[in-house]
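Reader: Before we discuss the assignments, could I have the sequence and the model in view?
Author: Here they are.

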Amino acid sequence: MPDQKALLLPQKQGQFVVDNWPIPSPGHGEVLIKVQATALNPVDWKMRKVGFLIDKYPAVFGWDFSGDVEVVGEGVEGFEKGDRVTGMSYPARGNGTFQQYILMPARLVVKIPPSLNYVDAASMPVGYGTAALGLLAAPPLGAGLNPSCDFSVNHAGEAAFVFGGSSSVGQFAIQILRKMKYSPIITYASARHTEFLKSLGATHVIDRAATPTSSVPDTVRALAGGAAINIAYDAISEPDTQEACFSLLSQGGVAVAIQGGEDKDVGGRKLIHIVLEAHGDGEFGEGMWKSLGRQLEEGVIVPNRTEILPNGLAGIIDGLKRMEDNGVSGVKLVALPQETS
Ligand SMILES: NC(=O)c1ccc[n+]([C@@H]2O[C@H](COP(=O)([O-])OP(=O)(O)OC[C@H]3O[C@@H](n4cnc5c(N)ncnc54)[C@H](OP(=O)(O)O)[C@@H]3O)[C@@H](O)[C@H]2O)c1
């Protein structure tokens with residue numbers, strides 16, 4: 001096959017450049033996907049800045065994709081050329097999504113319904129997967145609320161809290177908690193996102209400009225009105241936000257953090273740390289991606305709001321800089337690799 005265009009990082013902590021890059025051929029169980037849209041995640045700028053996760057350079061970053069099946073590898077059932085699909089790829093395995101074609105194991109690929117466009121589909125996998133792993137997977141991977149991901153559980157009357165509800169991950173955590181019928185669902189975000197977050201399932205939005213992190217536990221307990229707070233999802237996971245989420249729990253509750261720190265199990269309450277990269281392709285991951293496919297068909301899960309970056313793959317460079325500078329609020333940045341000149 002001829003070359004494609006890719007956004008390459010030539011060396012560790014170097015500068016991104018768009019260049020030619022070979023198109024791989026699918027092996028057993030794999031499909032080659034023409035990438036129509038790829039979303040940016042905070043981990044992409046962190047990987048470049050800190051130089052972690054990737055050993056081999058030049059490297060292609062990027063995790064979230066949507067696109068079309070181009071070539072079906074040997075032994076693959078259930079997919080054919082032209083299927084519209086989404087999923088999460090693994091840059092550490094030489095398979096980042098900031099390029100025009102990627103290889104994926106077919107077992108991790110999710111079909112998207114005709115009603116969902118490529119841009120919206122690309123906004124979902126990492127955010128949904130991180131929220132689902134932390135809330136649903138059995139311990140020690142997650143809080144264990146629904147390991148089969150069939151949403152047959154009913155937590156009506158129990159309160160839940162999401163720190164950073166307007167983040168990509170936070171938006172999916174709110175929606176997953178709504179599916180499990182938690183009520184109230186309290187979140188902490190900028191007030192301008194209040195109506196949007198209520199449309200996703202939040203019952204109360206604490207304005208983060210008016211309430212310091214140290215006051216969050218008391219505010220959440222007051223809003224819970226006596227209901228047990230058995231789950232807190234920390235989509236920001238700084239040291240002080242993790243402490244706030246842990247300390248607001250009722251006896252027996254679990255706080256889920258998605259960045260560094262030590263797990264805790266004190267006084268009948270737990271703080272756990274989860275990593276999607278480590279488990280998105282394991283047994284839980286396979287079931288979780290299938291559950292995402294079912295929900296997309298049912299149209300019950302809402303994508304992130306998106307902003308399309310200009311200039312194809314080259315536009316990702318500025319997009320990552322904006323994320324690093326905290327210049328992105330309540331939207332997922334999405335690039336269109338086929339529009340690369
Ligand atoms: N462990 C894992 O496997 C895993 C997987 C994915 C992501 N992550 C990490 O999870 C974090 C979130 O990722 P993401 O993609 O969801 O991020 P994102 O969408 O880029 O987050 C941006 C949002 O964060 C909100 N925010 C920032 N600081 C806040 C604070 N102190 N309180 C409340 N909201 C705050 C902003 O809210 P407002 O606009 O409302 O102010 C903004 O909308 C990142 O650090 C990422 O690296 C970890």
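Reader: What covers the buried residues of α4?
Author: The cover of the buried residues of α4 includes α3 (125-136), β9 (159-163), β10 (185-189), α5 (194-200), β12 (229-234) and β17 (332-335), where contact means heavy atoms within 4.5 Å, and helices (H or I, at least four residues) and strands (E, at least two) are DSSP runs numbered from the N terminus. This is a predicted model, in which local features need pLDDT of at least 70 and side-chain atom pairs count only at pLDDT 80 or more, while totals for chains, interfaces and linings use all residues. Residues are numbered from 1 along each chain as its sequence is written, and side-chain values use heavy atoms, with hydrogens and water left out.

Reader: What makes α4 mostly covered?
Author: Of its 12 residues, 10 are buried, a term that means under 20% relative accessible area (exposed is over 50%, partly exposed in between, with a 1.4 Å probe and protein chains only). Among the buried residues of α4 are Phe172, Ile174 and Leu177.

Reader: How do you know that the length of helix α4 agrees with its number of residues?
Author: The expected span is 1.5 Å times one less than the number of residues; the 12 residues of α4 (residues 168-179) should therefore span 16 Å, and the end C-alpha atoms are 17 Å apart, which agrees.

Reader: Why is Thr187 called buried, and what does its side chain reach?
Author: Thr187, which lies in strand β10, has a relative accessible area of 0%, and is therefore buried. The side chain of Thr187 reaches the backbone oxygen of Val162 at 2.7 Å. Leaving aside neighbours within four places in sequence, the residues in contact with Thr187 include Phe161, Ile174, Leu197 and His204.

Reader: Is Met88 to be called buried or exposed?
Author: Met88, in strand β6 (residues 84-88), has a relative accessible area of 3%, so Met88 is buried. Not counting residues up to four places away in sequence, Met88 touches Trp63, Phe65, Met104, Pro125, Val126, Leu276, Gly280 and Trp289.

Reader: Why are α1 and α10 called roughly perpendicular?
Author: Helix α1 (residues 42-50) and helix α10 (residues 315-324) pack at an angle of about 95°, with their axes 9 Å apart. Angles of 65 to 115 degrees count as roughly perpendicular (under 35 roughly parallel, over 145 roughly antiparallel, the rest oblique), and α1 and α10 are therefore roughly perpendicular to each other. The contact is made by Pro42, Asp44, Trp45 and Lys49 of α1 and by Leu320, Met323 and Glu324 of α10.

Conventions. Axes are lines fitted to C-alpha atoms, for helices over the stretch in contact, and angles run from 0 to 180 degrees between N-to-C directions. A polar contact is a pair of N or O atoms within 3.5 Å; within protein, one must be able to donate a hydrogen and the other to accept it, and residues adjacent in sequence count only if both atoms are side-chain atoms.
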